[in-house]
Amino acid sequence: MEGLNIPLNHILLVSSLLFSIGMLGLMIRRNIIFILMSLEVMLNSAALAFVAAGAHWGQPDGQVIFMLILTVAAAEVAVGLGLVLQVQRRFKTLDMDSANRMRG
Amino acid sequence: MVMINLILILLVGGVLAMLSERAGENMPRRVALTVVLLDIIYLLSHLSGMADLTQLQAPMPDDPSTWLMHFKAQWIPAFGISIEFALDGVSLLMVMLTLVLGAIAISSSWTDVMAKRGFFEANLLWTLAGVLGVFMALDLFLFFLFWEVMLIPMYFMIAIWGHENRGYAAMKFFIFTQASGLLMLVATLGLVAVNHSATGQWSFSYFDLLNTPMAEQTAHWLMLGFFIAFVVKLPAFPFHTWLPDAHTQAPTAGSVILAGILLKTGAYGLIRFAVPLFPEAALDFSFTAMALGAAGVVYGAVLAFSQTDFKRLVAYSSVSHMGFVLLGVYAWNELALQGAVMQMVAHGFSTAALFMIAGSLQERLHTRDMREMGGLWQQMPRMGAVAMFFVVASLGLPGLGNFVAEFLVLLGLFQVNPWMTAVAALGLITGAIYSLILMQRSFQGEPNAKLEGHSLTDFGRREMLTMAVMMVALIGLGLYPQPVLDMAQPVLQSLLEMTSVEIAP
Amino acid sequence: MLEITLFYIAATIALVATVLAMTRANAIHALIYLIVSLLAVAVIFFLIGAPFAAALEIVIYAGAIMVLFVFVIMMLNLGEEGDARERGLLHPKIWAGPALLSLMLFSELLYMISTVDGPVSSGVVTAKEVGLALFGPYVLAVEIASMLLLAGLVGSYHLGRRYLEREE
Amino acid sequence: MADMIWLVPLIPLLSAIILMLGSAILPRLLIGLLGVGSVGLAALLTMLLGLEFLANPEPFQLSLWTWMQVGNFSPSIAFYFDGLTLVMMSVITGVGFLIHLFSTEFMEEDTSYARYFAYLNMFVAAMLVLVMADNLLLLYLGWEGVGVCSYLLVGFWYQDSANGQAARKAFVVTRIGDTAMALGLLLLFTELGTLDIQAMVGAANIEWQVGGTLPLIACLLLLGGAVGKSAQLPLHTWLPDAMAGPTPVSALIHAATMVTAGVYLIARTHGLFLLAPTAMMIVALVGLATLLMAAFTALMQTDIKRILAYSTISQIGYMFLALGVGAWTAGIFHLMTHAFFKALLFLGSGAIIHYLHHEHNIFKMGGLRTRMPVTFWSFMIGSAALAALPMTSGFFSKDQILLQAYQFSDIGPLLWFGGLLGALLTAIYSFRLVFVVFFGKANTEPEGDTGWRMAVPLITLCTLAMIGGYFIIPVADVFPVASGDHPAHWVEYVSISVPLLGVLLAYLIFQSRQLNVDRWVSSSVGQALRRFWLSGWGIDWLYDRAFVRPYYRISGLLKNEPIDAIYGLVVAINQTFNHWLVESQTGRMRWYVASMVLGLIVLLTLALQIPALQPTEGAS
């Protein structure tokens with residue numbers, strides 16, 4: 001692995017782009033499944049930034065944080081998808097705007 | 001321990017009263033009355049072992065052992081917070097007033113409260129416990145704790161058993177006192193911090209915080225925090241607007257406690273904390289405070305006159321009377337302070353009685369609106385005579401307690417500021433105007449056509465007994481107030497000496 | 001040079017796949033693109049010397065989590081009319097504002113990383129090192145993560161069970 | 001005997017308490033016995049005290065207990081007894097006893113018999129405390145006490161709200177004066193360090209200069225109290241309205257005793273007034289103005305009790321005039337004689353009202369001379385004394401006042417002339433009353449004449465009104481001696497003849513009708529004057545506009561608590577913000593997300609302003 005010199009800021013650039021795209025998806029989609037997917041993208045982009053930073057200093061910490069993000073993502077998806085099932089059953093739709101009861 | 005027991009008896013008694021509802025509908029009030037009487041007996045039994053109360057030695061503000069009772073135990077040593085109670089003449093007077101009026105309040109709730117009686121009496125007792133704590137706590141943190149404790153059951157009493165507009169009134173009461181209480185908390189913490197930076201010790205104890213050296217500006221702000229908390233409770237113009245609503249909407253027992261006791265915690269706080277902790281700042285501030293007092297005297301009286309609601313009228317008369325207390329405290333000489341203390345005691349009785357009369361009328365007529373009354377004397381001569389007695393007491397007839405109080409306040413005030421005295425003396429005239437119109441609109445005049453055919457029951461034996469207690473108390477205070485004056489004298493004397501030493505250099 | 005070339009290819013794939021995933025109307029299609037994107041990120045991980053992370057990315061992210069999505073989508077049995085409605089949402093009127101916000105955020109991030117310089121390190125951080133770190137200084141985090149997973153398990157079981165019971 | 005002096009006020013007080021507590025159960029006879037008997041007993045005690053005092057005229061003081069002691073302020077419940085006290089006590093208990101007796105018949109049919117006597121006894125007790133007090137604070141207790149009793153008795157028939165109105169007016173107007181007096185007390189204590197009257201006057205004579213500012217202010221404040229209680233200008237308006245009470249009450253409180261309390265106060269503190277000549281002058285002028293104003297007003301009234309009320313105001317004006325010119329003894333002497341003949345007149349009018357179906361208008365009476373002979377003679381004697389016809393009691397006292405007024409420095413003759421004009425008017429209006437009510441043709445038929453319980457007091461008072469002028473009141477040691485020299489004889493002759501002239505005029509106008517004044521009266525000026533005087537010089541109207549209505553208006557404006565609006569504003573601001581936040585809760589997920597992102601951007605932008613977080617060149 002000699003001469004390995006991928007510039008750090010390029011990786012971070014990719015990470016930022018992924019994050020922005022995920023956020024855009026979060027904002028424009030109404031389907032709850034897509035919203036969850038967008039969240040995954042954003043989490044993933046964050047993980048990428050951590051791993052890159054870890055690699056930059058040659059430390060394992062970045063990957064440790066990656067694993068923590070992974071657990072968060074897993075737990076979140078598990079609960080989120082459970083909620084999706086409930087929403088579908090109750091409102092017969094996955095559209096968050098139709099299913100809203102949060103209006104103050 | 002005696003002081004803690006006094007509070008504990010009431011707290012536990014509250015729980016008992018609540019539970020006793022299962023044993024029968026009428027049990028809670030009996031239990032409550034028993035508990036309060038027990039408390040009185042307990043207190044008296046401990047006092048009887050002490051030196052003559054009229055020959056008290058002066059409690060040195062910086063030496064707890066010279067006080068009548070003192071108790072201190074660690075609570076949160078890391079911050080210098082302790083469970084510290086102490087009793088001197090003034091607090092003892094207030095404690096006795098609290099217990100006696102507490103018993104009277106329970107008696108007034110005898111037929112007034114019909115729903116959830118157990119919880120009602122429990123709240124009443126808990127309020128009394130909180131008030132006792134306020135009058136005895138000398139750790140500022142503990143004081144604040146009790147200050148809040150007495151608030152919450154009172155809030156429930158208004159919010160649950162109050163009259164038609166109770167929600168609004170209870171909320172207003174709560175927000176006013178809560179917000180001002182927070183100011184006091186901030187000021188307390190500030191004071192403790194200042195003390196810490198000066199001595200390197202954390203302490204909330206009154207005895208340690210006295211004589212805290214501080215910059216003039218700091219003292220002013222901290223004093224203001226305490227001042228506002230206390231005058232809101234007092235209440236002084238222009239912080240009084242919660243009072244008419246709260247008094248009007250509260251059930252009779254609630255009004256009695258509110259007017260008779262809770263207001264006095266504000267006055268007590270001023271005498272005990274606001275002035276002695278910041279003597280110079282209080283001196284600088286005294287003109288403003290007295291102006292507020294005089295304004296309150298006149299303003300309350302003018303507003304009382306135009307009220308049509310019996311209880312509201314009495315409530316505004318409280319504003320007026322409490323103005324005298326504020327004047328007395330900030331005139332800060334022996335005469336005026338004695339007057340303020342007297343006013344606290346005498347007003348406790350006279351206003352409590354008027355609220356009880358209002359409650360009895362409401363019970364019988366289902367209204368407090370004086371336009372629906374008139375000529376009630378004909379059907380209820382006993383109630384009319386009693387009402388007349390307390391009305392002339394509240395307008396300051398010599399020979400009754402209120403006169404002694406008002407005259408002493410004015411006498412003390414005259415030595416400080418004659419012009420302010422002249423303004424405050426207007427309260428004597430306006431007081432007569434609203435007091436007599438109260439009598440006219442309710443008991444005198446043509447019998448109201450709407451009441452024809454109603455047969456109204458006059459005061460019964462229980463009510464007359466309760467009233468008689470208060471009448472005797474007022475006459476006693478009016479013709480021989482010396483025991484009360486003697487009890488308060490050493491305390492006031494040492495406070496005056498301490499602050500004058502402070503101010504002199 | 002190879003690594004760098006590979007990195008740019010992987011990065012391009014990741015970005016394009018993500019954009020496609022975000023804009024599909026059909027959930028299954030979107031999910032496939034998302035998996036592609038995750039795999040591309042895994043490649044990047046590998047390239048920057050984090051093979052353990054790359055493996056986990058493939059096994060857990062692209063494998064387990066995405067499969068969960070697939071299961072749920074299949075269970076819901078979304079029809080064609082859902083797709084049609086989703087398409088209607090992709091109108092510029094709807095995404096213009098969010099896009100602007102995203103752009104702002106991106107430019108901000110760009111400004112922050114603008115001065116970052118230098119390559120990622122030359123060495124490989126092995127699984128062993130990661131393991132030592134995990135059960136060394138990060139042991140508390142591991143415990144918390146396990147608690148979180150347990151909570152997720154219980155929560156999803158609770159939510160899903162009621163769904164299944166009602167279905168019967 | 002002297003040690004028992006505290007029994008004198010205590011007996012009526014106890015009786016009042018018993019009557020109040022037992023009002024429902026006591027039989028009528030017992031009520032009457034208690035009510036009358038207690039005052040009778042007090043009168044008897046007073047008489048014994050008086051006899052002892054006359055044998056050994058030594059003032060004494062009796063201290064019961066220290067009322068309150070705060071610092072150096074330590075007033076006692078203490079009584080002081082000297083000649084002046086004796087005179088006042090005798091009038092109160094003596095006349096009081098007769099009026100109580102009269103009341104038993106007058107109030108016979110009233111349902112609140114016990115309440116009436118309870119109030120009346122309480123009044124006597126309070127009035128006794130007032131005159132017996134050793135210090136000004138105790139005097140103030142009695143002072144306010146009689147005020148409250150007056151309030152209760154004026155509003156005795158409470159079912160009629162006009163009575164309540166009158167009672168409140170009486171109390172509040174006098175309270176204005178009382179407040180001035182209270183301020184005077186504060187000033188006196190602050191400056192002199194005591195409220196004990198004797199000690200205080202002593203201290204004042206040491207510490208204050210004659211004509212100084214402090215004694216002037218103090219005296220004016222005390223005068224304020226006296227003016228209120230004694231219904232002098234400008235606080236006299238309550239007394240005519242106070243006639244709403246039962247007539248014996250008017251006789252006792254509003255003629256014989258309470259309204260003269262102001263005179264007593266000034267006489268009692270004359271040591272202070274001597275230090276303030278300006279204040280004395282003001283007292284004299286107040287007296288003069290009041291006596292003239294009231295006399296003119298009395299001339300026009302048609303209500304028998306209002307005539308007497310204004311005549312009371314006028315006569316007290318004479319007393320003030322006397323006090324103002326330093327004729328202390330004459331003032332107190334007139335107080336006593338006035339108590340006799342005015343009580344007589346009031347009781348007489350009470351008898352008329354009682355037996356004439358509660359008729360008050362004199363023009364609906366007439367011809368009562370033969371039908372009610374006892375009353376007629378009472379009125380004749382009473383009016384003669386009031387008009388100060390020679391040989392009656394009123395003559396001796398009023399004559400002294402006028403003569404001493406004449407001798408007063410500078411404005412003496414002016415005061416004398418004013419007093420003389422008043423005397424003329426007094427004679428006219430008092431005999432107008434007699435001629436209209438007792439002569440001419442009968443308009444209303446009475447139910448009968450007085451029974452013995454009315455007759456005895458009337459006859460006794462008749463006797464006193466006739467011979468009272470020969471009494472010598474034992475106040476020589478109390479007051480400084482008046483100058484011995486007499487004015488010229490013509491002054492005396494004029495003073496004697498003027499009342500006779502007044503009686504003659506009254507006879508010519510109202511009885512024989514030889515002097516026709518209709519033309520004057522019906523002229524426009526006459527009409528205006530008539531209305532002006534009838535309304536009491538418009539003073540009531542003026543006060544109504546200047547004080548009463550503004551007070552109502554201010555109170556009404558403030559009724560709904562303007563201060564609350566400030567707190568309302570805080571609430572409104574909170575609610576506005578709350579409204580906005582509520583509006584922002586659309587419930588739409590994307591909206592929330594977008595706002596979160598916006599917040600994130602803002603925060604990030606802000607964070608980048610912090611130097612430490614700014615990207616630095618070459619960081620790696």
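Domain bounds, as I use them here, come from an automatic or database domain assignment, and on that footing chain B is divided into domain 1 (1–49 + 59–277) and domain 2 (278–505). Before going on, I should say that this is a predicted model, in which local features need pLDDT of at least 70 and side-chain atom pairs count only at pLDDT 80 or more, while totals for chains, interfaces and linings use all residues. Residues are numbered from 1 along each chain as its sequence is written, and chains are lettered from A and ligands numbered from 1 in the order in which they are written.

Let me stay with chain B. Taken over C-alpha atoms, the centres of domain 1 and domain 2 of chain B are separated by 21 Å. Their contact takes 46 residues from domain 1 of chain B and 49 residues from domain 2 of chain B, where two residues are in contact if their C-beta atoms, placed from the backbone, lie within 7 Å. On the domain 1 side, α11(B) supplies the largest share, 15 residues, with helices being DSSP runs of H or I, at least four residues long, and strands runs of E, at least two, numbered from the N terminus.

Next, the contact between chains C and A, to which chain C gives 72 residues and chain A gives 63 residues. On the side of chain C that touches chain A, α7(C) gives the most, with 13 residues. That side has 56 nonpolar, eleven polar and five charged residues, counting Ala, Val, Leu, Ile, Met, Phe, Trp, Tyr, Cys and Pro as nonpolar, Asp, Glu, Lys and Arg as charged, and the others, Gly among them, as polar.

Chain A itself has three helices and zero strands. Of its 104 residues, 61% are buried, that is, with 20 or more other C-beta atoms, placed from the backbone, within 10 Å of their own.

Finally, in chain D, helix α6 (residues 161–192) and helix α8 (residues 213–229) pack at an angle of about 150 degrees with their axes 7 Å apart, the axes being lines fitted to C-alpha atoms over the stretch in contact, and angles running from 0 to 180 degrees between N-to-C directions. Why is α6(D) described as roughly antiparallel to α8(D)? The description follows from that angle, because angles over 145 degrees count as roughly antiparallel. The contact of α6(D) with α8(D) has 13 nonpolar, six polar and three charged residues.

Note on methods: Buried ≥ 20, exposed ≤ 12 C-beta atoms within 10 Å, placed from the backbone. Parallel < 35°, antiparallel > 145°, perpendicular 65-115°, else oblique.
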